[in-house]
Amino acid sequence: MIKQHPTIKSTLIAFAYLAPMLIITLVFNIYPIFKSFAMSFYTKYDFFTDKVSALGWANYKFIFSDPDFYLSVRNTMIFVLGVVPFSVLLSLIIALLLHRVRFLAGLFKTAYFLPFVTSTVAISLVWQWIYNDQYGLLNAFLSHFGVHPIDWLNDPHWAMPALIIMTIWKGLGFNIILFLVGLSNIDKRYDQVAQIDGANAWQRFIHVTLPLLSPMTFLVSVTSVISGFKVFDEIFVLFGGSPGPGKSTLTIVFYLYQKFYSEWKYGIAAASGVVLFLLILVVTIIQFWYSRKHVHYA
Amino acid sequence: MDVKFQNVSLAYDNVNNILNNISFTIPEGQLTCLLGPSGCGKSTTLNLISGLLSPTDGQIFFGDQNVTKKDALARKVGMVFQNYALYPHMTVLDNICFPMKMAKVKKADRLKRGRELAALVHVETELSKKPSELSGGQQQRVAIARALAKSPSILLLDEPLSNLDARLRVEMREEIRRIQKETGVTTVFVTHDQEEAIHIADQIMVLNEGKIQQFTTPNRLYDQPNNLFVAKFIGSPIINTIPFANVRDDFKTVVPNKVFSDGTTIAIRAESIVPATDPHDHLTLLPLSGTQVQSNRFGRETSLSLNYGGQTIVADGFREQDLGRNGKPLQFALRPQGVFVFNQSGERVWPETITANVSPIKPTEVIHA
């Protein structure tokens, strides 16, 4: 059975087993991807009859001359840079603490993981209250330090920070769990050996724990970056369906959404989707290139 | 530096004593083996020397210095673990240099010393490789070099050869011995393999149930076991034991009256059982007779099972031409070395003292005698 040569029959049987998943993937993933690539070149298109009357670069020309699109790219970048480093760092620190503290560790893990399993809508409702300029928890807390009330959700300067803080909080639990898995996979003996080799706690962390944890840090960073680029529902719910005060939280996906559902400009929406895809691709390639040198797979 | 234990005990929960009031001195500059079955306390003893464990009672000295309260770092011990525990993300050279880096040795100096150590353990051509690219034996060498890197007061090896295959184990035990002799560092080696211990050690401490059974040179351990546990633990094939009551009449002329009445077990090494008619062997203790059960030849070894005193015992002092037929009576003789009588509590009662100039008998010498 093991050294069977592939025959037409065995290949067909294999395809039959693969078919259910393959068909679903083809219909709902592969076809839409190619279709949206194609759609980004439709300049004259009837959505209801699926009739394409003209093709060209007009959609791309439009978005690259649209100030809103540049704003959305800029906002997305700020969002990713604001969320990913803090999220990774914070979840690493909390994971390290949880890894050491055995007392009530299970309770803490559950508490940190809860935001991940809670719906974004519910979370956003709670945060709308936290961010309220008059009754909000955050302003009440800040007032103890003499900070004047901030209108988090209606001030264009503070809308993006508010979005970033909520997103970091929401993603923390999942990243912590991943880091905890990574930490528990590190053989305790390395720590023991390093201790005998004369390394103090900080040196053991820098020279032993951190390098051995790097595959997990890499995974967490890549997934955080990708989900950061795709941010949409947090904005939609937190700002009541608007891209923030004065478009201050207009991101690429939000731009795409507006073009598609509000303005019925399918070609332009598809073109912005392709640009987003290329952006994520480039950033991920850069991350992989960086990881070659700095991530150690044991 | 020598290591001295004074009345050291260790209990995990004040009930189970892992180590029971043991005292010993490990001499400076030599290779000492801690040998015993698993759970005998040998790894615990090693961890007490290293400072990874501290005793419930008693004192530990390195030279004149009381180190009982000091941790592993302050004691400056070098340690090699069973699975080597090389840092997987560092190259061989970085691994070796790591303890020196932590001790803030200048980069040029530590790289120079690292290369010297790599040359000492013969991994100088692998310096830029990662541990995962090395064979088990090479990883072992790197681990030893790393342990030596901080010029340890004592080098501790915890079952260092257990993860290697049989041939490599023999090679590496010679290597460890060579490295120890070249550096002269006091070395403590933990193993459960008596053959390994005999080949590598200057002296062996046999431990069982948290107590020292015997602490002496490998050959004395083999030739003069203090008790039945040591006699059975050291040597392969395992020493033959027969209830003394079954055969004591045969030994009436040889043993004193007190031994005749107190002895409960007689133990006979396989190579001490030789053909009765061996013309070259003048040293036979006494002639005996039993029944040949079976014989097998394994290359240079011929193993004979024979029935004597109601027990099947193994003899390897025979050649094929000395043998009779299975199931037939067989005359044999005992050599004076390698025959011991133990009393009820397992202590050796005969021979009382063994003259030191009797050289140990190796199985091969008997075969070709």
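User: What makes residues 77–98 of chain A a helical span?

Analyst: In this predicted model, residues 77–98 of chain A are 100% helix and 0% strand. The end C-alpha atoms of that span are 31 Å apart. Helix here means a DSSP run of H or I with at least four residues, so the assignment rests on the backbone pattern.

User: How do you know that residues 77–98 of chain A carry the label "transmembrane region"?

Analyst: That label comes from UniProt, in an unreviewed entry, which also places it at residues 12–34, 110–130, 158–184, 205–229 and 269–290 of chain A. Such annotations may be inferred rather than shown by experiment. For residues 12–34, the model gives 100% helix and 0% strand, with 26 Å between the end C-alpha atoms.

User: What does UniProt list for residues 73–287 of chain A?

Analyst: The unreviewed entry lists "domain: ABC transmembrane type-1" there. In the model, this span is 77% helix and 0% strand, and its end C-alpha atoms lie 19 Å apart.

User: Which domains does the domain assignment give for chain A?

Analyst: Domain 1 covers 8–40 and domain 2 covers 60–292. Their C-alpha centres lie 32 Å apart. The contact between them takes 4 residues from domain 1 and 6 residues from domain 2. On the domain 1 side, the touching residues divide into 2 nonpolar, 2 polar and no charged.

User: And how is chain B divided?

Analyst: Chain B has domain 1 at 3–223 and domain 2 at 239–365, with C-alpha centres 38 Å apart. The C-alpha trace of chain B spans about 75 × 45 × 35 Å along its principal axes, and the chain holds 12 helices and 19 strands.

User: Why is the sheet β2-β1-β4-β5 of chain B called open, and which are its edge strands?

Analyst: The 4 strands run in the order β2-β1-β4-β5 with antiparallel pairing. At the edges are β2 (17–26) and β5 (65–66) of chain B, each pairing on one side only. With such edges the sheet has two ends, in keeping with the word open.

User: What makes β1 and β4 of chain B a pair?

Analyst: Two strands pair if DSSP finds at least two bridges between them. Strand β1 (residues 3–11) and strand β4 (residues 57–62) of chain B have 5 bridges in the antiparallel sense, so they meet that cut-off. Within this part of the sheet, B:Ser9 stands opposite B:Asp57 in β4(B).

User: Why does B:Ile96 count as being in contact with B:Ala145?

Analyst: Contact requires C-beta atoms within 7 Å, and B:Ala145 is among the contacts of B:Ile96, so the pair meets that limit. Leaving aside neighbours within four places in sequence, the other contacts of B:Ile96 are B:Gly114, B:Leu117, B:Ala118, B:Val142, B:Arg146 and B:Ala149.

User: How do you know that B:Ile96 is buried?

Analyst: B:Ile96 belongs to the largest nonpolar core, and membership of a nonpolar core requires a buried residue, so B:Ile96 has 20 or more other C-beta atoms within 10 Å of its own. That core has 156 residues, and B:Ile96 is listed with B:Cys33, B:Ala145, B:Leu156 and B:Val341 as having the most contacts inside it. Helix α7 (residues 156–184) of chain A gives the largest share, 10 residues.

User: What makes the side of chain B that touches chain A mainly nonpolar?

Analyst: The contact takes 15 residues from chain B and 14 residues from chain A. On the chain B side, α2 (72–75), β6 (77–80) and α3 (92–102) each supply at least two residues, and α3(B) gives the most, with 3 residues. The chain B residues divide into 12 nonpolar, 2 polar and 1 charged.

Note on methods. Residues are numbered from 1 along each chain as its sequence is written. Chains are lettered from A and ligands numbered from 1 in the order in which they are written. This is a predicted model: local features need pLDDT of at least 70, side-chain atom pairs count only at pLDDT 80 or more; totals for chains, interfaces and linings use all residues. A nonpolar core is a set of buried Ala, Val, Leu, Ile, Met, Phe, Trp, Tyr and Cys residues joined through C-beta atoms within 7 Å. A residue is buried if 20 or more other C-beta atoms lie within 10 Å of its own, exposed if 12 or fewer, and partly exposed in between; C-beta atoms are placed from the backbone. Two residues are in contact if their C-beta atoms, placed from the backbone, lie within 7 Å. Domain bounds come from an automatic or database domain assignment. Ala, Val, Leu, Ile, Met, Phe, Trp, Tyr, Cys and Pro count as nonpolar, Asp, Glu, Lys and Arg as charged, and the others, Gly among them, as polar.
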